[in-house]
Amino acid sequence: MLPNSIEISNAEAAPLADWTPEQQIAQMLELCEAQMESATCESDLAVDSLVRAFSGLAETARSIKAAAAAFTPEQRAALGNLDIIKKLESIDRQMSSAVVAFQFYDKLTQRLGHVRYSLSTLALFVCDREQATQREQWRRLFTTLKRLYRTEEEKQLFQMMVEGASADEARDHIHQSTQTLRVATAGEIELF
């Protein structure tokens, strides 16, 4: 068997009487959702470890800075006139920048949560043939999903896709908007 091929045994396949294209679509959407959930959980562990490490480093730097502030001029001279306080302030600024950079993960997990919910909702939706064939029901689904989005990028992407843009057009637009936003807000903390 080739590494990229998928082989499903008869035991894994749904009985033919229960098989529908909609169920297959729903099953694949649920698989995508489960894979994102798994990846997010694994990432949470790594990011939590990094946050703890940075928090510990920041606390240690603050402690050293407080101790160095109490040095007498003679003690500073004995250390070779190293300006420990300035170096610790530099470390503090760098750590603050790193914490701001970690905000990407919070934003990423929120957006992946929206995608996971959308996939699950779509999986349930397509299994109801009557509902899935009605334009008004699709409009309601879009309205429900649109309420999830909090960031401007998500809202724009969703709107473009609903209005008929190709996925490539929407991604290009968002990429350009994100680059412009990055330049305009460099160093600022984004709250969402």
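Threonine 121 lies in helix α4, which spans residues 103-127, in a model that is predicted. With a relative accessibility of 16%, threonine 121 falls under the 20% limit and therefore counts as buried. A polar atom of the threonine 121 side chain is placed 2.8 Å from the backbone oxygen of tyrosine 117. When residues up to four places away in sequence are set aside, threonine 121 touches Leu141 and Leu145. Leu145 also belongs to the part of α6 that meets α7.

Arginine 116 is another residue of helix α4. Its relative accessibility is 22%, so arginine 116 counts as partly exposed. Not counting residues up to four places away in sequence, arginine 116 touches Glu33, Met36 and Glu37. For one of these, glutamate 37, a polar contact is present between the two side chains, at 2.5 Å. Arginine 116 and glutamate 37 are separated by 79 residues in sequence, while their C-alpha atoms are 7.6 Å apart in space.

Alanine 26 is located in helix α1, which covers residues 21-69. The relative accessible area of alanine 26 is 4%, so this residue is buried. Apart from neighbours within four places in sequence, alanine 26 is in contact with Ala123, Val126 and Cys127. The C-alpha atoms of alanine 26 and cysteine 127 are 6.8 Å apart, although 101 residues separate the two in sequence. Helix α4 ends at residue 127.

The pairing of α6 with α7 was examined next. Two packed helices are described by the angle between their axes and the distance between the axes. Helix α6 comprises residues 135-146, and helix α7 comprises residues 152-162. The axes of α6 and α7 come within 11 Å and cross at roughly 170°. Angles over 145 degrees count as roughly antiparallel, and α6 and α7 are therefore roughly antiparallel to each other. On the α6 side the contact involves Phe142, Leu145 and Lys146, and on the α7 side Phe158, Gln159 and Val162. Classified by residue type, this contact has four nonpolar residues, one polar residue and one charged residue.

Glutamine 159, in helix α7, is one of the residues in that contact. Its relative accessible area is 27%, and glutamine 159 is therefore partly exposed. Glutamine 159 and phenylalanine 142 are 17 residues apart in sequence, with a C-alpha to C-alpha distance of 9.7 Å.

Threonine 151 lies in the loop that runs between α6 and α7. At 5% relative accessibility, threonine 151 counts as buried, because the limit for a buried residue is 20%. The side chain of threonine 151 reaches the backbone nitrogen of glutamate 154 at 3.2 Å. Outside the range of four places in sequence, threonine 151 touches Lys107 and Arg111. Helix α4, with residues 103-127, includes these two positions.

At the level of the whole chain, the protein has eight helices and zero strands. The order of elements from the N terminus on is accordingly written α-α-α-α-α-α-α-α. The chain has 192 residues, of which 20% count as buried. Among contacts between residues at least 6 apart in sequence, 62% join residues at least 24 apart. The contact of alanine 26 with Cys127 and that of arginine 116 with Glu37 belong to the stretches described above.

Confidence varies along the chain. The average pLDDT is 79, and 83% of the residues score at least 70. Over residues 1-5 the pLDDT is below 50, and this stretch has one contact in the model beyond near neighbours in sequence. Among the helices, α6 has the highest confidence, with a mean of 91, whereas α8 (residues 167-184) has the lowest, with a mean of 74. Residues 187-192 also have a pLDDT under 50, and the model has ten contacts for them beyond four places in sequence. Where pLDDT is low, the predicted coordinates should not be read in detail.

Technical notes
Residues are numbered from 1 along each chain as its sequence is written. This is a predicted model: local features need pLDDT of at least 70, side-chain atom pairs count only at pLDDT 80 or more; totals for chains, interfaces and linings use all residues. Side-chain values use heavy atoms; hydrogens and water are left out. pLDDT is the predictor's confidence in each residue, from 0 to 100. Helices (H or I, at least four residues) and strands (E, at least two) are DSSP runs, numbered from the N terminus. Contact means heavy atoms within 4.5 Å. Buried means under 20% relative accessible area, exposed over 50%, partly exposed in between (1.4 Å probe, protein chains only). A polar contact is a pair of N or O atoms within 3.5 Å; within protein, one must be able to donate a hydrogen and the other to accept it, and residues adjacent in sequence count only if both atoms are side-chain atoms. Axes are lines fitted to C-alpha atoms, for helices over the stretch in contact, and angles run from 0 to 180 degrees between N-to-C directions. Angles under 35 degrees count as roughly parallel, over 145 as roughly antiparallel, 65 to 115 as roughly perpendicular and the rest as oblique. Ala, Val, Leu, Ile, Met, Phe, Trp, Tyr, Cys and Pro count as nonpolar, Asp, Glu, Lys and Arg as charged, and the others, Gly among them, as polar.
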